[in-house]
Amino acid sequence: MTAAPLVFRSAGMSHAGAVRARNEDAWIERPALGLWAVADGLGGHSSGDRASGLLVEKLAQIEATDASGLLAAVRVGVSAANAE
């Protein structure tokens, strides 16, 4: 008997909440890579939406063929977003 393929389904939703005028959260889902991430804004600090959006942009650029490559690419993406 062969195992059935594992299928992931995901969805995301975020809301600015009752305090902030702008939603600073961002997320990315790349099930083909096995990558999901939520980037929470900086709680009203300057440019929290830019920070979370920048991280998602970096993660969207990842191309990896195996788990170790994915982990390394995520580390590089997070570091690059933090540096910017």
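**View 1. Helix H2, end to end.** H2 runs for 17 residues and covers 24 Å between its first and last C-alpha, close to the 24 Å expected at 1.5 Å a residue. This is a predicted model, so keep that in mind for every view here. Which residues of H2 are buried? They are Leu70, Gly77 and Ala81. Looking down the helix axis, these buried residues sit within an arc of 30°, so they line one face of H2. As a rule, an α-helix has 3.6 residues a turn, so residues three or four places apart point the same way. Flip to the other side of H2 and you find the exposed residues Ser68, Arg75, Val76, Asn82 and Ala83. Helix H1 is among the things that cover the buried residues of H2.

**View 2. The whole chain, zoomed out for a moment.** The protein has two helices and two strands, and from the N terminus the order is β-β-α-α. The C-alpha atoms take up a box of roughly 55 × 30 × 15 Å along the principal axes. The radius of gyration is 15 Å, whereas a compact globule of 84 residues would come in near 12 Å. Just 21% of the 84 residues count as buried. Of the contacts between residues at least 6 apart in sequence, 39% join residues at least 24 apart.

**View 3. The largest nonpolar core.** Twelve side chains go into this one: Ala26, Ile28, Leu35, Ala37, Ala39, Leu54, Leu55, Val56, Leu59, Ile62, Leu70 and Ala81. Which elements give two or more residues to the core? Strand E1 (26–30), strand E2 (35–39), helix H1 (48–60) and helix H2 (67–83) do. H1 puts in the largest share, with four residues.

**View 4. Leu70, a core residue on H2.** Leu70 belongs to the largest nonpolar core and is one of the buried residues of H2. Setting aside residues up to four places away in sequence, Leu70 touches Leu33, Gly34, Ile62 and Ala64.

**View 5. Val56 on helix H1.** Val56 sits in H1 and, at 16% relative accessibility, counts as buried. What does Val56 touch, once residues up to four places away in sequence are left out? The list is Ala26, Trp27, Ile28 and Ala39. With Trp27 the C-alpha separation is 6.4 Å, although the two residues are 29 apart along the chain.

**View 6. Ser52, a buried serine.** Also on the helix H1 stretch, Ser52 has a relative accessible area of 3%, which puts it in the buried class. Apart from its neighbours within four places in sequence, Ser52 is in contact with Glu24, Asp25, Ala26, Ala39, Asp40 and Gly41. Ala26 and Ala39 on that list are also members of the largest nonpolar core.

**View 7. The salt bridge.** How many salt bridges does a search of the whole structure find? One. It joins the side chains of Glu84 and Lys58, at 2.8 Å from N to O. Glu84 lies in the segment after H2 and Lys58 in helix H1, so the pair ties together parts 26 residues apart in sequence. Are the two partners buried or exposed? Glu84 is exposed, at 56% relative accessible area, while Lys58 counts as buried at 17% relative accessibility.

How values were computed:
Residues are numbered from 1 along each chain as its sequence is written. This is a predicted model: local features need pLDDT of at least 70, side-chain atom pairs count only at pLDDT 80 or more; totals for chains, interfaces and linings use all residues. Side-chain values use heavy atoms; hydrogens and water are left out. A nonpolar core is a set of buried Ala, Val, Leu, Ile, Met, Phe, Trp, Tyr and Cys residues joined through side-chain atoms within 4.5 Å. Buried means under 20% relative accessible area, exposed over 50%, partly exposed in between (1.4 Å probe, protein chains only). Contact means heavy atoms within 4.5 Å. A salt bridge is a side-chain nitrogen of Lys or Arg within 4 Å of a carboxyl oxygen of Asp or Glu. The expected span of a helix is 1.5 Å times one less than its number of residues. The arc is that of the directions from the helix axis to the C-beta atoms. The radius of gyration is taken over C-alpha atoms; the globule rule is 2.2 Å times the number of residues to the power 0.38.
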